[in-house]
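Student: Hey, I've just opened this one and I'm a bit lost. Can you walk me through it?
Tutor: Sure, here it is.
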Amino acid sequence: MTSIDFPSGSPSGPAASRVATGAATLRSPTGIFLAIALLALTVIAALPARAEESLNGVALVIGQSDYRHIPALPNPANDAREMVKLLTDLGFDARSVSDRDAKKLARDLERFVEDAEGADVAFLYYSGHGIEAAGENFLVPVDADLSALDDAGERLVAVSGIIDRLKQTVPVSIVLLDACRTNPFPAGAKLRRTPTGSAEPVGAGGLTLVRGAKALPDADKAAENLGMLVGFAAEPGRPALDGPAGENSPYAAALLRHLSAMKGEEFGAVMRMVTEEVYLDTRARQRPWTNESLRRFLYFGVSPDEPAGDDALITGERRKLLLTISTLPDVNRVQVETAASKDGVPLDALYGVLKALGTENIPEDPTQLGKVLDAQAGRLKDLIEQNEALRTDDPEIARLSASADKAIREGAIATARKFLDDAVARVEANTGTVDQAETALKQRRLADAAVYEKRGDAAALGFDFLAAAADYGKAADLAERWDGKTFRTLLSAQATALYDHGNKTGAREALRRALDLYQRVLESGDQAIQTANRGLALNNYGVALQSLGEMDTDSTTLKDALDTYREALRWLDDGKQDTEWAYAQSNMGTVLLKLGEREGDNQRIRDAIEAFGKALEKQDRARLPRDWANTQNNIGLASYALAERETGAGHLVAAEAAYRLALEEFSLEKYPVEWALVQNNLGNTLNALGTYRNDPAKYQEAAAAFRAALEVRKRESFPRSWATSRLNLANALSNSTKFDLGTDVLEEAATALRDAQAVFTRKDFPVDWASAQNNLGAILQTLGQRRMDQETMKESASTFRAALRVYKRRDFPLDWAMTNYNIGNTLQLLGGMSNEPARYHEAVAAYRDSLAEYSREATPRSWALSKAALGSTLHWLSNNEDGTQSLKDAIAARREALEVLTQDNAPVDWANTQNGLGMSLINLGNRETTARYLNEAEAAFSASLKVFTRKAQPLQWAFEQNNLGDVHWNLASFGGGGKPEYERAKQYFELAKQGFTEAGYLMPIPLTDKKIALIDQQLAK
């Protein structure tokens, strides 16, 4: 007889709680930095040199951004949109397609080859993912997943086939592949051209040499075919960059900028310009590669507008520079790259200096060349700073100065000198009596600055940080010329106000502006900033980096913040600057904690706790109560993070103790914002303790803590904090529903999550949005289960999958694993409702995905829960199979889970897994018609009753009584137990019936009554 599973199905998924971190601490350093402006790329196109012969060209532009199963790419759609306009302007009959699946992509390429018949030139541009295996390059459709590698001939597109078709069809072919990005499939993945073909490893880097890119050997064909050009965004086997989100890839940007040079240059020369443009734009990290077999010089197109005015002069000289760079040997390149990196000057500009020297005058001795480059790099740095420091009321001088700065950055040194010559001529023409008024003006400007500063202070007190920043900025502008120390103080105040606004509202632009200002302070040449104040300035810069990094899905900015804090600690003297040293130490701990959570690195989290402990050594509670309490809060956060990854309640107990210590200093009356922060974090810990101890009172305490926090965290004043606490309240409410069978509290939890999503949009707060999606999926899962509503369960699965759009495995490995685990739970339950074995198979795949990141060593509890859930799914899958292998696999998975889960470290999960093990053992015995598994099954059910007591959890207790009845029924039926075993089975079934009645769960009672009646018939014989 098959046992009855708990109504909750498999153990509930670990919904992610977004825990508000402790605030990093800003200090006010002094100093100045002369900021260097970023250049905007000019979008231009091309012109033919052969006006007497117009070429007939067709073009296909493909942009693949919205990948469904592998990492999406933000920029190919932008690249395609601008490239098709460019090619149309050049005279091509151009068509653009985006986000094509395998069938549509193949059809698009087939149509392109057909359109190329009768044309002179066919131009194919592809931006998206590309991979290489066994010497062949493949374009990746947007619907490709890991399974596509098992039938690459049908589900991917081979580049060599496209090239072969074009060579047969059109005299000149140009194929540009902006597809050399890092392999999007898991490391070690293998590709098969056909399902039965041999497996070849997928390359880890970019694409490789294209086969078939040379001219056709056939004499007649050679007369018709003028060759082709195949261009890669990066050298073969090397990855290329996608560029900043919302812009163009470096390769596309270079094409857009330089194809117009074909008005006077042959196409091969233009592609050399493109190569060096990308090389410079990426600071030598990427260099395109071109395989050219053209048998004639190629000119084509109708010229769109070229840059005008100053931009035209700069672009003209830059193109000559790019062609010069293309002739330089690699040894010279390395030396230029080294010198530019050492002095932090633009690579473009230093190459321009070298060009001004003249390639024929470059010293052959590497040491001598190094000295020349180092000297010129120093002069170049000074020149850039002087250009940017120039202040003038004359708009013409300002324009000429800005153009000179841009020209220097782009390596157009001669053009920059012309602009500056013109500026000097204008200055000399306007020389007057300005100096006579300077003394009086200084006193007036500093007095005016003080007024702006005071108004800024008042605005900051009223939380109007943008107004404060504007006033500090005006004050800094007034003071800059007259008093360096005052200027640096005001600049730092402006940066801090922008940081406060960005941190409060999530405005990234404000944080970026703050970073620019802090950088100006850090780069001051003043001696004071090089000693004690430098450590403070670095701390502040790190805080702004940290705040911005916490909003990004990528961890690069957070790692930059960590490095910045470490540098700050090297400058701060922990003997003379204890307070400041402790600030930087604590801030470093918060970044280590965040990185540890993202990367699943428990050691980083332990390092965070160590950093917080060192900070506490310098934070005397009596003298610095606020700092001391803030660090206690951070210790609580780190302890909580470890508790999510390791078994046992020790870390949770430590977290609760730390939060309660913090609340001894953070009172509602004195520190309302900090008090609300700690209440929120304490609520998360109480929520987790409720799960660990299976204690409804802890869930109620957690909900009370979140509601207390929300008394301060109003949406209009603290939107992000309000949304965080609403999200966390939803978690506590959802967990509390495990002790009742209603849906009202679940509906309240769902409302709280949707409230949070009104603030945590995917665009502005992708990580928080994904967390809310994940938690909403968990609530929908429970609602669907209780209502037996398949549509709600499908919505749950869809909501979890939406979270995976942000929780990419490479960026958030543990969140990715957690969400796959939750998807598995929903699919398992949906399989039971729909009686569709396919759902169980999908669930098994989801659990195995989670186990690809969860490991017994690093994340033992999550690993064990995934093993237990996998066992549960295999158990139910076995009901739709004839053999016993799935049941045996289920038993093995549950036994593995029980090697980690114990009654002490995870009592509820341990009891659930014991229950599942017993069920699988009974079913295996039924299949094999043997009693040999029944003793172990009975032991498993009896063990679970140590947790599932009649008083604490009557419903689970009733199910275990039922399952023990099944054990003794089977012992009586084929175990030889006879009448005594039937009588014991009946006793258990009667106890189960009582438990179901007490719990108010009447659904199983008819089945229990039927079992009792059957036993009575046996006993009557």
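Tutor: We'll go from the overall make-up to a few helices, a small sheet, some ring pairs and the cores.

Student: What should I know before I start reading numbers?
Tutor: This is a predicted model, where local features need pLDDT of at least 70, side-chain atom pairs count only at pLDDT 80 or more, and totals for chains, interfaces and linings use all residues. Residues are numbered from 1 along each chain as its sequence is written, and side-chain values use heavy atoms, with hydrogens and water left out.

Student: OK, how many helices and strands are there in the protein chain?
Tutor: The protein chain has 38 helices and 11 strands. Helices (H or I, at least four residues) and strands (E, at least two) are DSSP runs, numbered from the N terminus.

Student: And what share of the residues is buried?
Tutor: Of the 1021 residues in the protein chain, 56% are buried. Buried means under 20% relative accessible area, exposed over 50%, and partly exposed in between, with a 1.4 Å probe and protein chains only.

Student: Which helix is a good one to look at for that?
Tutor: Try helix 6 (residues 250-258): nine of its nine residues are buried, so it is largely enclosed by the rest of the structure. Among them are Y251, L255 and R257.

Student: What do the buried residues of helix 6 pack against?
Tutor: Their partners include helix 1 (76-89), strand 3 (121-127), helix 7 (267-281) and helix 8 (309-326). Contact here means heavy atoms within 4.5 Å.

Student: Let's jump along the chain. Where does I635 sit?
Tutor: I635 is in helix 22 (residues 625-645). That helix is mostly covered, with 18 of its 21 residues buried. Helix 22 reaches 31 Å from its first C-alpha to its last, close to the 30 Å expected at 1.5 Å a residue; the expected span is 1.5 Å times one less than the number of residues.

Student: Why does I635 count as buried?
Tutor: I635 has 15% relative accessibility, so it counts as buried. Not counting residues up to four places away in sequence, I635 touches F612, L616 and A658. Also, I635 and A662 are 27 residues apart in sequence and 9.9 Å apart in space, C-alpha to C-alpha.

Student: Now the sheet. What order do the three strands come in?
Tutor: They form an open sheet in the order 4-5-6, with antiparallel pairing. The edge strands are strand 4 (130-133) and strand 6 (157-158), each pairing on one side only. Two strands pair if DSSP finds at least two bridges between them.

Student: How many bridges does strand 4 make with strand 5?
Tutor: Four bridges, in the antiparallel sense. A133 has E136 of strand 5 as its bridge partner. Strands 4 and 5 form a hairpin with two residues between them, and A134 in the turn has a positive phi of about 55 degrees.

Student: And the other side of strand 5?
Tutor: Strand 5 (residues 136-139) is joined to strand 6 by two bridges, again antiparallel. One bridge partner there is V157 of strand 6, facing L139. From strand 5, E136 and F138 point one way and N137 and L139 the other, and all are buried.

Student: Switching topic: how many aromatic pairs does the structure hold?
Tutor: There are 11. Rings of Phe, Tyr and Trp (its six-membered ring) pair if their centres lie within 6.5 Å; planes under 30 degrees apart count as stacked, over 60 as edge-to-face and the rest as tilted. The ring centres of F92 and F123 are 5.6 Å apart and the planes are at 75 degrees, so that pair is edge-to-face. F92 lies in the loop between helix 1 and strand 2 (93-98) and F123 in strand 3, 31 residues apart. Both F92 and F123 are buried.

Student: Got another pair?
Tutor: F959 and F996 are also edge-to-face, at 5.0 Å centre to centre and 70 degrees between the planes. F959 is in helix 36 (residues 954-974) and F996 in helix 37 (residues 978-999), so the pair ties together parts that are 37 residues apart in sequence. Ring pairs link F959, F996 and Y1001 into a cluster.

Student: Last one: which residues touch the most other members of the largest nonpolar core?
Tutor: That core has 97 residues, and those touching the most other members include Y499, Y518 and F760. A nonpolar core is a set of buried Ala, Val, Leu, Ile, Met, Phe, Trp, Tyr and Cys residues joined through side-chain atoms within 4.5 Å. Apart from it lies another core of 61 residues, among them L865 and Y933.
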